[in-house]
Amino acid sequence: MLIRSTCIGVPWRVLSCIAVVVFSCSIEITKAQDYDSPDTPAAPPPEQGKCDGIFVTYNFMGREKIYPLVKNTSAQAWSFKAMATVLNAGAYELKSWKIFIGFQHEELLVSVDGAMVVNGDGDGFPIKVGKNGTLFAGFPQSDLETAIDTAGDYTQMMVQVNIKGTLFGVKPSATPMPKTIKLVNDGYKCPGAMRRGSYMHVCCKRDPKFKAKKIKTKFMPRQYGDLSFTYDILQANENKYMAQVTIDNNHPLGRLDQWNLTWEWMRNEFINSMKGAYTHRKDPSDCIYGAQGQYYQDFDFSTVMNCQKKPIISDLPPERENDDKVGKLPYCCKNGTLLPNTMNETKARAIFQLEVFKLPPDMNRTALYPPQNWKIEGVLNPTYKCGPPFRVDPTEFPDPSGLDATTSAVASWQVSCNITHPKPKQAKCCVSFSAYYADSVVPCNTCACGCDDDTRCNQNAAPLPLPPDALLVPFANRTKKAVAWAHLKHHKLPVKLPCPDNCGVSLNWHLDTDYKTGWTARITLFNWDEIPFVDWFTAFQFKKAFPGYEKVYSFNGTKLTRPNNTIFMEGLPGLNYLVGEVNGTHPDRDPRVPGKQQSVISFLKKNTPHIKVAQGDGFPSKVFFNGEECALPNKLPVRSGATGSPNGVLPAIFLSAATFLLLSGHLN
């Protein structure tokens, strides 16, 4: 009956009591909470007794109207409280539990106790979760034991997650529940969640068809991610420990330049010293006036590396590699460059070490907790989404004495990160299409890399077709060319012209020739930023053309099996430097000139006999630059009245301009 009761309008203290009666499974847990204990222990929900797997619940505990008070119901804000529980009612231990809660009422989470928010939109509280829901991962209790192994100890079998936040757009009489709740650990299947008023539950059971790799490990098996971190405790003392962080780039197209890593300390830790990396801020005041200074009253914080809860960590420059104090670590000091294994195996890994001081109640050598909420980003690189740290078997290292032996870390955790697909208008590079049979170039999409709040242009209008030579000048100098071209070709102009693509890097794919036994395309890279790209690479994925790939002439080309049907290209020795944008010959009247590189790629038709090159098969389905997926045009070039010469004006302009820039850059 308690499950069916509603929480609307009930005082918070009563709600807390009700929540514990519903979700507690023994009187000991009820007494451990700061609530009023009932006279007799409450029976567990009947559904829980029928579950022989992982029992997940969500209880909406109430809401209150908050300022500003508005008449529009959809705009009115409400504070709310809820509790989720995860109970291991099965026969197998659940490691590194994760649940999904499908919030749907524009919820903002302002605090969460008993878990970590994994994939919210934002860098900290408040976190927007009301659009697509969010994942919660266990912290500090990440593993749930079984009743068999603990003699029914619910403190080891179950966790409670207390949630507080703000929601919008719900009538006062309604109960704002999530769409669903479920366990998302591999090897489990969850049916649809059942709802009764302000309470939801689901029983997730092991999937009999799931076949996990049989690896004998005490902790979670190591997982594959596009990018992975290993947090190894090398030495542990009562009040401090020495840790080593290893970053591995596992994706053949993954890359980071000038990486910045951040995480969040959850237990008032601070970094005393580092080797192989540094923090952007070195200010002892956070320690002196914080909990650290209250405990370590005689400690000299002036030499401490960092006291921030969320430090920003960067790689050291190469000149510090042999520094006795901060260098002399393998794989360190590359100025934040992480290349894929396909380019350089030694530059696909980074390592740094840090000495961490702890605070009570963690003052013993076995109280070890890794930082949470890991995030890493580069200059023009893929966006990585990282999961929570999970315990793995201790990493083994070669014995430093040189003997044929291994040493193990005290404890190890892994953080697995994967590349995310860029959202519309949030790319970092873009692509234009052109062809021998079309007079006009299909330019990059409007606002492909985002737009400011500029009312002078239309952020949603389609980009204007361009004459070929317009690709050689910055967008600010293209408007006159685009308008004149529209008048010449009798194209209709919108009242408000489209906004620029705002991308620092663009690529042009020009379909050059199409003949009986094969076809060719011309690739041009444009760098519109002043920052050059060293050891650049690009990749092109095709739906049908991949088997016909023959050769790329001015770049080094390689066929990749992962991702499927992808051709990987990098600069030849001496030509792997894509210069930045520079002033024109006469800066007072000439437009700025982008950095350029260009090559021709050829294909044969014998392995793709039914390919329709001009109808779309001759254009890539995905394009990458330095690991970032670029925005593609929404349409293909349109055939002009006259097909023109396959070796027309467009490649001639590109070749002459690129040759001039390459020669001048090489000579300089």
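# Salt bridges, disulfides and Asn-249

At 36% relative accessibility, Arg-281 counts as partly exposed; in this classification a residue is buried under 20% relative accessible area, exposed over 50% and partly exposed in between, with a 1.4 Å probe and protein chains only. This is a predicted model, in which local features need pLDDT of at least 70 and side-chain atom pairs count only at pLDDT 80 or more, whereas totals for chains, interfaces and linings use all residues. Residues are numbered from 1 along each chain as its sequence is written, and side-chain values use heavy atoms, with hydrogens and water left out.

## Charged pairs

Side chains of opposite charge can pair when their charged atoms come close. The term salt bridge is used here for a side-chain nitrogen of Lys or Arg within 4 Å of a carboxyl oxygen of Asp or Glu.

The side chain of Arg-281 meets that of Asp-283 in a salt bridge, with a distance of 2.8 Å from N to O. Asp-283, like its partner, is partly exposed, with a relative accessible area of 26% for Asp-283 and the 36% already given for Arg-281.

A further salt bridge is formed by the side chains of Asp-514 and Lys-605, at 2.7 Å from N to O. Asp-514 lies in strand 27 (residues 505-514) and Lys-605 in the loop between strand 35 (595-604) and helix 9 (613-617), so this pair ties together parts that are 91 residues apart in sequence. Helices (H or I, at least four residues) and strands (E, at least two) are DSSP runs, numbered from the N terminus. The two partners fall into separate accessibility classes, since Asp-514 is partly exposed at 31%, whereas Lys-605 is buried at 18%. Returning to Arg-281 and Asp-283, these two residues are joined with Asp-286 into one network by salt bridges that share partners.

How many salt bridges does the structure hold? There are 17 salt bridges in the structure, and among them is the one between the side chains of Asp-52 and Lys-205, with 3.4 Å from N to O. Asp-52 is placed in the loop between helix 3 (46-49) and strand 1 (54-65), and Lys-205 in strand 12 (residues 199-206), so the pair ties together parts that are 153 residues apart in sequence. In this salt bridge Asp-52 is exposed, with a relative accessible area of 51%, while Lys-205 is partly exposed, with 42%.

## Disulfides

A disulfide is a covalent bond between the sulfur atoms of two cysteines, and the cut-off applied for assigning one is a pair of cysteine sulfur atoms within 2.5 Å. A search of the whole structure finds 10 disulfides, including those described below.

Cys-190 and Cys-204 form a disulfide with their sulfur atoms 2.0 Å apart, and the torsion about the S-S bond is about 115°, so this disulfide is right-handed. Cys-190 lies in the loop between strand 10 (188-189) and strand 11 (194-196) and Cys-204 in strand 12, so the pair ties together parts that are 14 residues apart in sequence. Strand 12 is also the strand that holds Lys-205, the partner of Asp-52.

Another disulfide joins Cys-386 to Cys-417, with 2.1 Å from S to S, and its torsion of 105° about the S-S bond makes the link right-handed. This pair links distant parts of the chain, with Cys-386 in strand 21 (residues 383-386) and Cys-417 in strand 25 (residues 411-420), 31 residues apart.

Cys-332 and Cys-333 also form a disulfide, their sulfur atoms being 2.3 Å apart. With -70° about the S-S bond, the link of Cys-332 and Cys-333 is left-handed.

The accessibility of these cysteines is set out here.

| Residue | Relative accessible area | Class |
|---|---|---|
| Cys-190 | 27% | partly exposed |
| Cys-204 | 0% | buried |
| Cys-332 | 3% | buried |
| Cys-333 | 3% | buried |
| Cys-386 | 9% | buried |
| Cys-417 | 0% | buried |

## The surroundings of Asn-249

Asn-249 lies in strand 14 (residues 240-249), and at 2% relative accessibility Asn-249 counts as buried. The side chain of Asn-249 reaches the backbone oxygen of Leu-339 at 3.1 Å and the backbone nitrogen of His-251 at 3.5 Å. Leaving aside neighbours within four places in sequence, Asn-249 is in contact (heavy atoms within 4.5 Å) with Asp-226, Leu-227, Gly-254, Arg-255, Leu-338, Leu-339, Pro-340, Asn-341, Ala-348 and Tyr-384. Leu-339 therefore appears both in this contact list and as the residue whose backbone oxygen the side chain of Asn-249 reaches.

Notes:
A polar contact is a pair of N or O atoms within 3.5 Å; within protein, one must be able to donate a hydrogen and the other to accept it, and residues adjacent in sequence count only if both atoms are side-chain atoms.
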